[in-house]
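The following exchange asks how certain descriptions of a structure are justified. Please consult the sequence and the model while reading.

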Amino acid sequence: MRLDTAAIRRGCPNCKIRNFRHLCGAELDHFRNAAKADGALTVACTQQAAQFTDEAGERPDGITFVNIRETAGWSRDGAHAGAKMAALLAAAAIPRPDYPLVTLSSDGIILIYGRDDAAIDAGRLLADHLDVTVMLKQPADIAPPTATDFPIVKGTIRSARGHFGAFELIIDDYAQPRPSSRDRFIFEAPRNGATSRCDLVLDLSGEMPLFPAHDLRDGYQRADPRDPAAVLRAVLAARDLVGSFDKPKYVDFTPSLCAHSRSKLTGCRRCLDLCPTGAITPAGDHVAVNAEICAGCGQCAAACPTGAASYALPPPDTQLQIVRAILLAYREAGGTHPVLLLHDGPHGTALIDALARHGDGLPANVLPLAVNELTQVGLETVIAAFAYGASAVRFLLRAKPRHEVTGLSQTIAFAEAILAGLGFDGHRVTTIETDDPDALGGQLRGLEMLASVATPATFKTVGKRRDLLRFALSELHRLAPKPVDVIALPPGAPIGAVSVDTDGCTLCLSCVSACPTGALRDDPERPVLRFVGDACVQCGLCQSTCPEKVITLKPQIDFRAGRAPAQVIKEEEPALCIRCGAAFGVKSTIDRIAAKLEGRHWMYPAGDKRLDAIRMCADCRVTVMSEQQFDPFQSVPERAPPRTTEDYLRGRNGKS
């Protein structure tokens, strides 16, 4: 493969670049000398990473490895891939912060759930490694073993919950076999509602999975009992799951930022609707994320409008720094029409490697960027990519994704609406869904060469997703071909305004108390409802809380919102206390209440002074009632005596 070191130096101007032909062999001493020096060290070879790591020993600054062979050099366009190589090296140099871990422990207690001899055979294979129990669902003529090496029972799993190391199963039709079973199992009397707790579950029932997105549930193995190879793979996967294991804590959650609920009314539920594993559950005014169940798809973090849920591999600001580095270095090195190809490791990297080794490789303008999960990518990353100079963004998905990608589809729809509204023509953001490397290469080489912004943005930000999105949108608007002030967005967007039917609004300000971000505000001096567009996250709590039902959400982006003062939605004359003159409510509301009560309610006869209390503030009302010895039960109309419990009981028993 050819190395365009001049292009690499242009893209990485502050780096010392050296190239070799056999660094892992005849020129290994050059690496040893470089490893002894202080500072960051990047090796553009992943094939011999293990060898280089061993040679470097305990190097304080570590080593970064980056693949520029399968991703750039091994390509039909390899001679022109210097700018891409510079971009990949620049992106690899961005430090990734450490992420927290969750420790899961297993004592090796496994329940094998099946229906025939396949489950018993699996138990025999695992008996020397794990604490095995086999449970058969409605077993037919199954001969009992001559020796009981592990328990064999019958039962049907009604429900399952939990995670690796802590599964809990509710079992119906549970029964143990009689020791006197001869040519077939005979069971004791069954019972329902039995509870089984175990560390692992091997499901060979051949029926529906016990968990949603079952492929992502650690400790739950599932195979078709009619496929011996699949059963063996599941057995081997379960065999060594004993001990303590660390998994990333994928999502950092801040409950105080959550806009899920207020006063038992539900607002935002984006994360609840998108989580494929059920790791997110309501917990009062906010939600709770079970880190043990979370499989790291990141859809909750990508969709969270407030930043309460934030992805950790890497955090969103680090992700933007990586995107910034790859696109700016590519431009500095002389590259044009960059297409950012986002992919995961297990699927995308393997597909790109196969295309490089057996096909034409990636085009020179396609910049691959591996992420932990494609569904973790949020709107802020896509928008920032175009501000940094990308001409298109593609997401490389499996032909059949392991879990729903609804959140990613929404992100793409929002991005497409914004880009089209700002004058970016063509299909700028979409997915490539394939398991075929040749199909991948064909789609990438058939991409239209679209223009990017004339002068890319160079901003570098830190913080929560909301702040990153706000800044990226501002920069993209500044650089857009056809900047406009307002763009309508699809339903569910995390940006927007509210529409209030002011004729029906009574300025009760319930929406103000419910708004978690301060987008809706009042004024302590007078009856006013104000709206701050830059703070609205379209959570819907104002809509749910409004007693008059006059509020509707309006998904849109208003690029003036960040600079605009609070908008007055409705303002009315205050009601002044007729006794002390203090403002205490809305005049039109007080007048309307007084008009409805005077002469129409027994407590307020026409012309009676009692009505004056309604036009007083709370303090004066109490004072006047005390001074006048106001009796609220005076002149109560005579009614039939109240019915008691005994009256109702007699009526129900036919004794009334």
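Q: How many aromatic pairs does a search of the whole structure find?
A: The model is a predicted one, and the search finds nine aromatic pairs in it.

Q: Why is the aromatic pair of F164 and F245 called edge-to-face?
A: The planes of the two rings stand at 70°, and planes over 60 degrees apart count as edge-to-face, so the name applies. The centres of F164 and F245 are 5.5 Å apart, which meets the limit of 6.5 Å for a pair.

Q: What makes this pair a tie between parts apart in sequence?
A: F164 belongs to the loop between β6 (152-163) and β7 (166-175), whereas F245 is in strand β11 (residues 243-248), so the parts joined are 81 residues apart in sequence.

Q: Why is helix α12 described as roughly parallel to helix α15?
A: The axes of α12 (residues 379-387) and α15 (residues 465-479) cross at roughly 30°. Angles under 35 degrees count as roughly parallel, and therefore the description holds. The crossing is left-handed.

Q: Which classes of residue make up the contact of α12 with α15?
A: Eleven nonpolar and three charged residues take part, with no polar ones. Among them are I383 and F386 of α12, and L469 and L476 of α15.

Q: How do you know that strands β23 and β26 pair?
A: Five bridges join β23 (residues 496-500) to β26 in the antiparallel sense, and at least two are required, so the strands pair. In this pairing V498 stands opposite L553.

How values were computed
Residues numbered from 1 in each chain as written. Predicted model: local features only at pLDDT ≥ 70, side-chain atom pairs only at ≥ 80, totals over all residues. Heavy atoms only, no water. Axes fitted to C-alpha atoms, helices over the stretch in contact; angles between N-to-C directions. Helix = DSSP H or I, 4+ residues; strand = E, 2+ residues; numbered from the N terminus. Left-handed = near helix turned anticlockwise from the far one by under 90°. Contact = heavy atoms within 4.5 Å. Nonpolar A, V, L, I, M, F, W, Y, C, P; charged D, E, K, R; others polar. Phe/Tyr/Trp six-rings, centres within 6.5 Å; stacked < 30°, edge-to-face > 60°.
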